[in-house]
Amino acid sequence: MDGFLQLVSVGGSQSVHHKLVPPGQLLLGRSRDCDITVQSPQISRQHAQLFWEPNELAWSLVDLGSRSGTHLNGERIPSGRPCLIRKGDRIGLPDLTLQVRDGSDASTIMESIRRLRVTEDVQPDTSIDFTPVELAEDLDSNRLATLLTFSKDIHDAPDERRLFDAILQGVTSGTCLDNAAVVSCIGDEGDIDMHAATGELATATSDRFSRTLLRSATSGTPGRYLASGGSGAESLVSLPVQAAGCAPLMARDTAIACLYVDGTDPKVPDEQLRRDLDFVIALAQLASVAMSNLARSDLERRFAESRSRLFEGTVRAMAAAIDAKDPYTRGHSDRVSWLSGELAKALGRDEQGIEAARVCGQVHDVGKIGVPETVLIKPGRLTDEEFGLIKEHPAIGYRILQDIPGMRDLLGGVRHHHERWDGGGYPDGLAGESIPDLGRLVAVADTFDAMRSARAYRAGRPVEEVLEEIKRCSGSQFDPVMAEAFLKIDLATYESMLASELD
Ligand SMILES: [Fe+2]
Ligand SMILES: [Fe+2]
């Protein structure tokens with residue numbers, strides 16, 4: 001991702017076109033000093049900020065404690081907590097909705113199948129009716145049944161793609177309108193992105209769509225058009241369209257997309273068409289609840305992701321602090337982390353198991369933080385007393401990490417990475433399978449790196465010799481299953497990690 005994005009107004013009275021160029025930041029608010037000054041009494045002086053996160057290579061949005069809040073795809077984001085944004089997102093401020101767009105392509109959060117440019121209607125469609133429709137108004141039992149099936153389908157939809165398919169299915173099975181599309185309008189030029197379509201709208205050109213209807217729906221008001229209703233519908237009257245309608249698909253207060261429908265069968269009576277259009281608007285209202293749920297779970301997922309990245313960052317910082325105490329073990333935690341992850345892969349573990357091994361490798365020596373530096377970096381032989389101090393590090397590490405929620409599953413690995421398969425290790429002298437799995441796993445990775453890399457008192461040993469040693473100690477020091485799997489690891493990446501530390 002190159003990080004170049006655009007903010008384009010898609011709602012509100014103000015027109016905004018702003019490029020986001022990394023690295024940088026962008027302040028939004030009422031104050032004149034803001035990069036985007038929004039003229040609304042409800043907006044705070046410094047309302048929200050977008051900033052480039054170099055570690056994520058992405059832009060984040062943060063609400064700066066504003067009174068009226070900042071919304072992302074209709075969901076209010078908690079103040080002060082940055083949230084990563086993506087193409088297609090809608091940022092909602094009072095009186096202004098901005099869409100995040102890529103400068104070059106048409107892709108959005110919702111996958112788009114086509115982009116059209118809808119030109120301004122020659123004359124406003126005077127026969128368009130914008131009266132709100134009550135959800136259950138005049139629904140006969142047949143319709144009600146369709147609505148119930150539809151309701152179940154849309155709430156089961158795991159993503160927008162499937163939600164849109166369910167919406168189109170609901171329209172075509174419940175009405176005599178054969179043509180339906182889920183579109184979103186972007187920018188002032190009248191470009192629309194088509195996300196899903198069925199019937200003639202799947203291949204229609206831009207003149208099939210009434211911009212008046214689209215604009216109304218984009219601002220939150222559904223509209224209906226009937227060919228018989230008046231003579232002013234310039235954009236549609238030249239086409240064989242008997243009825244058309246457009247209703248917003250809202251995530252809370254934000255119109256994320258619109259449901260556009262039309263029908264061309266001249267035999268369908270007006271009364272039926274009117275009811276069908278009302279039904280479509282009712283479907284869109286139901287679908288909006290599902291849209292809101294999807295937007296909320298998307299936001300939760302983004303925060304969960306950033307929490308896990310924060311956690312990873314902390315882990316890495318801790319490991320770096322340990323390695324910094326001893327220049328000879330520089331990079332040891334990173335390498336043991338890599339080797340542990342590869343060993344987990346070689347053992348056929350799943351994603352979660354591989355990740356656990358990786359993080360455990362990263363923190364396995366965290367307890368060294370409690371061992372005096374003079375002992376850690378002492379060249380030559382250690383006295384029994386000094387060795388005693390070193391041997392405390394697994395238990396110290398265990399105590400440091402035991403209260404951190406994300407670390408609980410790794411504690412066994414931290415405490416027991418110096419146990420031996422034959423029971424001769426420390427701190428608890430466990431043997432065989434009574435040693436926690438991660439302890440047995442990290443033990444092989446740790447010992448390999450300790451032998452392969454240079455220490456204060458000796459140079460690193462050649463890789464073949466170290467692998468031979470792993471083989472030799474299988475069943476005495478190491479779990480034979482772990483040792484055997486370790487020999488399958490392709491060590492090219494490891495060797496370059498090691499070489500970069502020696503530079
Ligand atoms: Fe250790
Ligand atoms: Fe270690």
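**Figure 1. How the donors of the first iron ion are spread along the chain.** In this predicted model, the donors of the iron ion (ligand 1) follow the spacing D-x27-H-x23-H-H. His 393 sits in helix α10 (residues 393–401), while His 418 belongs to the loop between α11 (411–415) and α12 (437–452), so this pair ties together parts that are 25 residues apart in sequence. Put names to that pattern and you get Asp 365 (OD), His 393 (NE2), His 417 (NE2) and His 418 (NE2), which coordinate the iron ion (ligand 1) at 2.1 to 2.3 Å. Angles among the four donor atoms run from 84 to 171°, and the site of the iron ion (ligand 1) comes out as irregular. As for cover, His 393 has 2% relative accessibility and counts as buried, whereas His 418, at 21%, counts as partly exposed.

**Figure 2. The second iron ion and its donors.** Here we look at the iron ion (ligand 2), whose protein donors are His 332 (NE2), His 364 (NE2), Asp 365 (OD) and Asp 446 (OD). They lie 2.1 to 2.3 Å from the iron ion (ligand 2). This site is irregular too, with angles of 77 to 171° among its four donor atoms. Along the sequence, the donor residues of the iron ion (ligand 2) are spaced H-x31-H-D-x80-D. His 332 comes from helix α6 and Asp 446 from helix α12, so the two tie together parts that are 114 residues apart in sequence. Both ends of that tie are under cover: His 332 is buried at a relative accessible area of 2%, and Asp 446 is buried at 7%.

**Figure 3. Asp 365 between the two irons.** This view puts both metals in one frame. The iron ion (ligand 1) and the iron ion (ligand 2) are 3.4 Å apart. Asp 365 coordinates both of them.

**Figure 4. Helix α7 and its packing partners.** Helix α7 covers residues 351–363, which makes 13 residues. From its first C-alpha to its last, α7 reaches 19 Å, close to the 18 Å expected at 1.5 Å a residue. Its buried residues are Gly 353, Ile 354, Ala 357, Val 359, Cys 360, Gly 361, Gln 362 and Val 363. When you read positions off a helix like this, remember that an α-helix has 3.6 residues a turn, so residues three or four places apart point the same way. What do the buried residues of α7 pack against? They pack against α5 (270–325), α6 (332–346), α10, α11 and α12.

**Figure 5. Leu 147 in helix α1.** Leu 147 is part of helix α1, which runs over residues 141–156. With a relative accessible area of 9%, Leu 147 is buried. Its C-alpha atom is 9.7 Å from that of Val 171, a residue 24 positions away along the chain.

**Figure 6. The six-stranded open sheet.** Strands line up in the order β2-β1-β11-β10-β7-β8, and the pairing is antiparallel. At the edges are β2 (17–20) and β8 (75–76), each of which pairs on one side only. Zoom in on β1 (residues 5–12) and you find four bridges joining it to β2, with the two strands running antiparallel. Leu 5 stands opposite Leu 20 in β2. For tracing the sheet, recall that strands of a sheet pair through backbone hydrogen bonds, either parallel or antiparallel.

**Figure 7. The five-stranded open sheet.** This one has the order β4-β3-β5-β6-β9, with mixed pairing. Its edge strands are β4 (36–37) and β9 (83–84), and each pairs on one side only. Inside the sheet, β3 (residues 25–29) and β5 (residues 48–53) run antiparallel and are joined by four bridges. Follow Leu 27 across to β5 and you land on its bridge partner, Gln 49.

**Figure 8. Zooming back out to the chain.** The chain holds 15 helices and 18 strands. Of its 503 residues, 51% count as buried. Among contacts in the chain with a separation of 6 or more, 61% are accounted for by residues 24 or more positions apart. The accessible surface of the chain comes to about 22,800 Å², with 51% of that belonging to carbon and sulfur atoms.

How values were computed. Residues are numbered from 1 along each chain as its sequence is written. Chains are lettered from A and ligands numbered from 1 in the order in which they are written. This is a predicted model: local features need pLDDT of at least 70, side-chain atom pairs count only at pLDDT 80 or more; totals for chains, interfaces and linings use all residues. Side-chain values use heavy atoms; hydrogens and water are left out. Donors are N, O and S atoms within 2.8 Å of the metal (3.2 Å for Na, K and Ca); water is not among the atoms, so sites may look incomplete. Four donors count as tetrahedral if all angles lie between 85 and 135 degrees; four count as square planar and six as octahedral if opposite donors are over 155 degrees apart and all others between 65 and 115; anything else is irregular. Buried means under 20% relative accessible area, exposed over 50%, partly exposed in between (1.4 Å probe, protein chains only). Two strands pair if DSSP finds at least two bridges between them. Contact means heavy atoms within 4.5 Å. Accessible areas come from the Shrake-Rupley method with a 1.4 Å probe; for residues, only the protein chains shown count as cover. The expected span of a helix is 1.5 Å times one less than its number of residues.
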